[in-house]
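Me: Please pick one part of this model and look at it closely, strand by strand. Then set that part in the rest of the chain.

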Amino acid sequence: MQLYDVIIIGGGPCGLAAGIEAAKNGLSHLILEKGSITESIRRYPKLMRFFSTAENIEIGGIPFPISGVKATRNEALQYYRKVAAYYKLNTKVFTEVDRVEKEGELFTVFTTTGDTFSAHRVIMATGYFDKPRQLGIPGEDLPHVSHYYDEPFRYSFTKVVIVGAANSAVEAALELYRHDVDVTVVHRREDFKPTVKYWLIPDVKNRVKEGKIKTQFNSRVTRIEPHQVHLENVETGETSVLPADFVLVLSGYTPDASLLRRCGIELDPETQIPTFNKQTFETNVRGLYVCGTVLAGIYTEKVFIENGREHARAILEHIMGKEVQPVKELIDRI
Ligand SMILES: Cc1cc2nc3c(=O)[nH]c(=O)nc-3n(C[C@H](O)[C@H](O)[C@H](O)COP(=O)(O)OP(=O)(O)OC[C@H]3O[C@@H](n4cnc5c(N)ncnc54)[C@H](O)[C@@H]3O)c2cc1C
């Protein structure tokens, strides 16, 4: 079995950045990705546009040329694939990692199909997009319920209930409303989340004022049935029923805590933030690193491509025994 210098788990922007840094340092590397290259971005809403300017999500020092300022999902998919090809990254797609074990100074990475790979160092860059927050209510697994929003045309001339009031929920609500969808946003607090992108706020609030997007604030969904959802007002306890052809539960995502634990990484019980050194990104398991959004615990909005792409540089400096230049962004945020 080939022994790699570094195995990277996850082929998102931050995992690819780690692969590039390994290649630049002359280390043999393997990126294990459970889906396609930049699988999370591939599964983002089809019509989405990044909020970051293109240059802020570049990796490997390769310019990201687009005709506008902010990239679309398609442009980002093209860009990251091209960068991976340019650096000849050694990537094995559709290979899901189940766990990592360390014996002596060597790591064995086990896939869900029973294959194993060995390395001196392992970098976990598995992001957060696979674990949507669950409501934990009856009916959440019905076929008309989804924890991901894909594209608007599927929903035209239907009634859609969106659960959640952060960026994903607001963006979906606006896009759906503009595609002839009857949208209602349900949220257990009294307003949209204060973290919603500032330029979306006037748009969504004005649509609500006009009655074009409906809201049920201070309400929680208690049960989902094939054509309706049951609500409870969290202040009065009053119950009601809303018709719903589709339900989109867009209340955020969290890193896969059980995967991290299976690799021996300790997590803060409250924040789910892994134990790691903020300068070197090495976890409590020597030689095992976290990189990108996976290290954000429940604060997934604090680490994104713009700042997560920097982690790889510090990790590789540490692996190479060089002086590690701190990633200031991270220290300020987490
Ligand atoms: C709609 C939307 C818009 C966004 N816009 C921006 C923006 O404008 N600017 C910005 O900076 N950030 C943005 N973000 C956030 C950004 O996309 C993420 O922070 C970023 O993808 C994190 O990169 P990553 O490499 O850490 O994780 P990911 O991109 O999530 O990559 C993780 C990879 O690991 C793989 N993986 C997971 N588990 C396993 C396993 N067990 N075995 C093997 N592979 C595994 C996944 O398939 C995935 O490909 C946006 C997010 C969303 C949802």
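Reply:
**A sheet and its turns**

Gly237 takes a positive phi near 80° in the hairpin of E14 and E15, where five residues lie between the strands. Strands are DSSP runs of E with at least two residues, helices are runs of H or I with at least four, and both are numbered from the N terminus. The model is predicted: local features need pLDDT of at least 70 and side-chain atom pairs count only at pLDDT 80 or more, while totals for chains, interfaces and linings use all residues. Residue numbers start from 1 along each chain as its sequence is written.

The hairpin belongs to an open sheet of three strands in the order E13-E14-E15, with antiparallel pairing. Strand E13 (219–225) and strand E15 (239–243) are the edges, each pairing on one side only. On average, neighbouring strands of this sheet are turned by 30° against each other, direction ignored (axes are lines fitted to C-alpha atoms, for helices over the stretch in contact, and angles between N-to-C directions run from 0 to 180 degrees).

Strand E14 covers residues 228–233 and is joined to E15 by five bridges in the antiparallel sense (pairing requires at least two DSSP bridges between two strands). Gln228 of E14 has Pro243 in E15 opposite. On the E13 side, six bridges tie E13 to E14, again antiparallel. Gln228 appears here too, as the bridge partner of Glu225 in E14. The hairpin of E13 and E14 has two residues between its strands.

A further open sheet has five strands in the order E9-E16-E10-E11-E12, and its pairing is parallel. Its edges are strand E9 (145–146) and strand E12 (214–216), each of which pairs on one side only. E9 pairs with strand E16 (residues 246–249) in the parallel sense over two bridges, and Val145 has Val247 in E16 as its bridge partner. Helix H4 (residues 167–177) packs on this sheet, touching strand E10 (159–163), strand E11 (182–186) and E16; the direction of H4 makes about 165° with that of E11.

The strands described so far fall within the bounds of domain 2 (145–249), the other part being domain 1 (3–131 + 253–319) (the bounds come from an automatic or database domain assignment). The two domain centres, taken over C-alpha atoms, are 32 Å apart. Six residues from domain 1 and seven residues from domain 2 make the contact. On the domain 1 side, the residues touching domain 2 are three nonpolar, no polar and three charged. Contact means C-beta atoms, placed from the backbone, within 7 Å.

As for the ligand, 34 residues surround it, and the closest are Gly10, Gly12, Phe50, Gly127 and Gly292. Helix H1 (13–24), helix H2 (39–42), strand E3 (49–53) and helix H7 (305–308) each give two or more residues to this shell. A residue counts as near the molecule if its C-beta atom, placed from the backbone, lies within 6 Å. The shell has 16 nonpolar, 12 polar and six charged residues (Ala, Val, Leu, Ile, Met, Phe, Trp, Tyr, Cys and Pro are nonpolar, Asp, Glu, Lys and Arg charged, the others, Gly among them, polar).

The chain as a whole has nine helices and 17 strands. Its C-alpha atoms fill a box of roughly 60 × 45 × 35 Å along the principal axes. The radius of gyration is 21 Å, which agrees with the value near 20 Å for a compact globule of 334 residues (taken over C-alpha atoms; the rule is 2.2 Å times the number of residues to the power 0.38).

Notes:
Two residues are in contact if their C-beta atoms, placed from the backbone, lie within 7 Å.
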